[in-house]
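Here is a short report on how two chains meet and on what surrounds one ligand.

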Amino acid sequence: MAQASVKTVFDDMETLKRELIRCMKCGNCMSVCPIYNVEKKEASVARGKIALGEAVLKDEIDIDDETLVKLIFNCLVCKSCMMACPSGVRFDRIILGLRSAIVKKKGLPFVKKALFGLLKNPELFDKGMKAFAAMQGFFLKSEGHKKRKPKGFLKTINPRLDEKFIVPELSKESFRDKVKEKIEAKDPQCTAIFFTGCSVNYLYPEVGDDLIYVLQRNNTTVITPKNQNCCGMPVMVHGDIESARELAKRNIDAFEKSNAQYIITVCGSCGSALKHEYPIILEGTDYEEKAKKWAEKVYDISSFLLKVIKFEKPKGKVELKVTYHDSCHLKKSMKVFNEPRQLIKMIPGITLLEMKKPDACCGSGGSYHLTHSNTALKISKSKIDDIKTTEADAVCTGCPACMMELFEGLHRFGGNCKVIHTVSLLAQSYRAEN
Amino acid sequence: MIDKTFIEKCKNIFGSDNVLTDKAELIAYSYDATPGIPREIPGAVVFPENTKQIQELIFLARQTKTPIYPRGSGTSLSGGPVPLSKGVVISFQKMNKIIEIDPDNLTATVQPGVIIADLNAAVSKYGLLYPPDPGSMATATVGGSVAENSGGLRGLKYGVTKHYIMGMEVVMPTGEVFRFGGKTVKNVTAYDFTHLFVGSEGTLGIITEIICKLIPAPKYRKAMIAFFNKLEEAGKTVTDIVRNHVIPATLEIMDKVTIHTVENYAKVGLPTDVEALLLIEVDGMGQDSVLWEAEKCVEIIKQNNGSYKIAETDSERDSLWAARRAALPALAQVKPSTVLEDATVPRTKLVDMLIAIQNIAKKYNLMIGTFGHAGDGNLHPTILVDPMDKDEMERLHKAVDEIFEIALSLGGTLSGEHGIGVAKIKYLKNEIGRSGVETMRRIKQALDPDNILNPGKLVPMED
Ligand SMILES: Cc1cc2nc3c(=O)[nH]c(=O)nc-3n(C[C@H](O)[C@H](O)[C@H](O)COP(=O)(O)OP(=O)(O)OC[C@H]3O[C@@H](n4cnc5c(N)ncnc54)[C@H](O)[C@@H]3O)c2cc1C
Ligand code: SF4
Ligand code: SF4
């Protein structure tokens, strides 16, 4: 593999210095960090982690110090701190750089190594997911339509997997298996790639169906490349930059084979990876230019519909009180927060009821909700309380990872609110026209 | 000193969840928002939940001669909460309850760890306001701001923290719990302890409960922004407004360097060919009086050859304020590090001070953007530097020395609101003289005979 000639924060701690130095320790990040809000400890928030990075560079502490490692991994990478930072500190680079340095020194823990190895091998990963789907009854018992609960023994492995935990059922047939690779529009406005992401592919294939339906209604030819794979965000946030680079390159190869003008995502994290993270992690490699080129073509479905093409307004009535949750990566990384609200408000019959802090993190953080369940549960609780206060019938969001977390939280803390993706709400309205 | 037994005892007092001892955790308590000051990694951090625990800690610290460093949110700009030895940090983040809001007596009783913005959110439900509003109010604690006597944007009309504290509970460095003041508007019993402990920077006692004074929140406000081609005209506008008996809630100034930087960064539509701008907001309970005050301000701006924009709607007000809010973030983008001073002069000397700062910038070849609370003469010369540039850092120190010298020569003060801490301790004598320093030492020794509370801050113990 051609290796980076330019030194990036992922390859060299020294380059981190320039990033760390920008932090003036003002503490503004403390007012928005979901973890700090719960734990109230300095090392929970960006400022404390930056101080740890500085201490490592000054040789005051080792990068593989046990507590330090724990503290550096105690972060949702939600980027809320970056929105509040007066100094423009690029905390996403800092935290990923530190994690990457830890992984370099210590190696990946066994479980992560096995899992990430699987992710990097798309065929094997796909087989594994389907095998798991077939066997899920072994770990998870059925709990009504398309829902699963963990079996009792799992609680001893992870306290979050208790009686109240719930997940959507793994789909036996993945979305990419059943969808046609290319779906031509009759009179196409343009051609777009649908980057499905893993959650839609295995857990929420119906969101994928809804997206295809919405794009057909808007005369867009859709290509869903069979050989796309995981966006790499899960491995990246764990500091496994090499795996992330590999996945990124493979996705870019898949994009290169098409003649598409745009890439559409329905997941804040996938979109953020493609648009913001790829150009950073591929800096200095021979994929740098391609990564930049494709990054400019990435749109969340809501901004694609409202900003890129001629959009057909939904006319079907959907009688629903809806509240909208801002996915961290969709709002804070992709800067998409107006468009989904605009779309929701266009649907006849819908009332949008804003919750107190719509952009407060839901506590998912990919796997954070499992690895740090105590803190995550408290974050989730306050999110669910805010949702319930609105008395909405449904909470709408633009990210399947948030959907899963909100679904679990509403089940755990009680609430009759449904969870729905923005694109599904739109599809529902189109369908109601007939 | 902190050893195994000390830590065991701390765990007994606070519970092991509320004691941090791992080095990585402790490193995150070795700083505040002040750049370039001495720092030490503490030996332990404890999170009290009640007064009794603090009392027990004091007894333990006295026995073992362990320094105690109180810490709110660590946003101080003078080094107040930063440990100077391997002592113990008391973090008040878990003592954060609003104990009572009493809308009839217009008071709120709070624990020291309550965040200032949270207090305001809670009292706003009663139509009330706790006026002290430091720029850090979304993060800073009431306890920390009482200990620093923090100011804010509303200082000119509404005063600063000390005007809103009516009483306290304090654990003394000798271990006694002492309550003074209360909910009465009038109280002349004993010495005025409230004013002794406000601004004591954690050196005289540990504040465990605070009674705050509230006021009815003003119902109407009017904001405007004015631009001037000459600094002198901006300065004269400030004094003319006050001379005409209009006291705006906000009267902020930004100099040319700051305006340029803000416009570059935030593109808020500021003219870049002016020397200074003023952001003015008047407020009050009656619409007529607020409008009269606004008109008076406009008249004075025109007399001083200024041009202006006045906000007609809330969103227009927001866009005027956007320029002021962007001042620090914009300046912070230019260089890796920012040094924010708060030398303060009488209102009438504002222009002299601004010109002096510009000359210092030229002399030492430094970029200095100045903005601040013009109405109360409290300026924030913000010096932009690269800590990796040794030569620049040397010029910085010389420039800072000179800024203080000039502020004092104009009849001003070293610090309008950020406090002395460690950052300005060496300049203290220049302002209050030998007798002043001696008096401070005597007070400190009388109340804290073992010198365990925040030693090395505010009071220079030796020459
Ligand atoms: C971006 C920014 C903007 C700012 N704007 C302003 C401003 O406009 N006006 C202004 O005045 N200041 C301002 N400051 C400075 C600072 O925020 C204030 O001084 C603030 O009130 C400190 O509060 P804190 O909770 O962070 O206290 P800390 O910084 O943690 O502590 C401050 C001092 O109080 C002591 N202390 C804390 N709690 C207690 C207690 N319970 N008992 C005894 N002593 C205690 C500490 O030992 C220390 O000496 C600003 C700072 C930043 C970073
Ligand atoms: S990324 Fe999120 S969780 Fe991590 S420090 Fe920033 S605000 Fe906190
Ligand atoms: S808000 Fe930014 S500059 Fe301030 S402490 Fe946090 S990371 Fe540092």
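The report takes the chain interface, then its polar links, then the ligand shell.

## The interface of chain B and chain A

The model is predicted. In it, 33 residues of chain B are in contact with 32 residues of chain A. The two chains bury about 2600 Å² between them. Of that area, 56% is on carbon and sulfur atoms.

Three residues stand out on the chain B side. B:Ala24, B:Tyr31 and B:Met388 supply 20% of the area that chain B buries against chain A. No other three residues supply more.

## Salt bridges and polar contacts

The rule finds 4 salt bridges across the interface of chain B and chain A. One of them joins the side chains of B:Glu25 and A:Lys41, at 2.9 Å from N to O. Polar contact links 11 residue pairs across this interface, counting pairs with both residues at pLDDT 80 or more.

Two helices of chain B each supply at least two residues of the side that touches chain A: α2 (23–27) and α12 (327–334). By class, that side of chain B has 16 nonpolar, 8 polar and 9 charged residues.

## The shell around ligand 2

Which residues surround ligand 2? The shell comes from chain A: A:Cys33, A:Pro34, A:Ile35, A:Ala46, A:Cys75, A:Leu76, A:Val77, A:Cys78, A:Lys79, A:Ser80, A:Cys81 and A:Phe91. Helices α2 (34–39) and α5 (80–84) of chain A each give two or more residues to this shell.

By class, the shell around ligand 2 has 10 nonpolar, 1 polar and 1 charged residues. The charged one is A:Lys79 and the polar one is A:Ser80.

How values were computed: Residues are numbered from 1 along each chain as its sequence is written. Chains are lettered from A and ligands numbered from 1 in the order in which they are written. This is a predicted model: local features need pLDDT of at least 70, side-chain atom pairs count only at pLDDT 80 or more; totals for chains, interfaces and linings use all residues. Side-chain values use heavy atoms; hydrogens and water are left out. Contact means heavy atoms within 4.5 Å. Buried area is the accessible area (1.4 Å probe) that two parts lose on being put together, summed over both. A polar contact is a pair of N or O atoms within 3.5 Å; within protein, one must be able to donate a hydrogen and the other to accept it, and residues adjacent in sequence count only if both atoms are side-chain atoms. Helices (H or I, at least four residues) and strands (E, at least two) are DSSP runs, numbered from the N terminus. A residue is near a molecule or strand if one of its heavy atoms lies within 4 Å of it.
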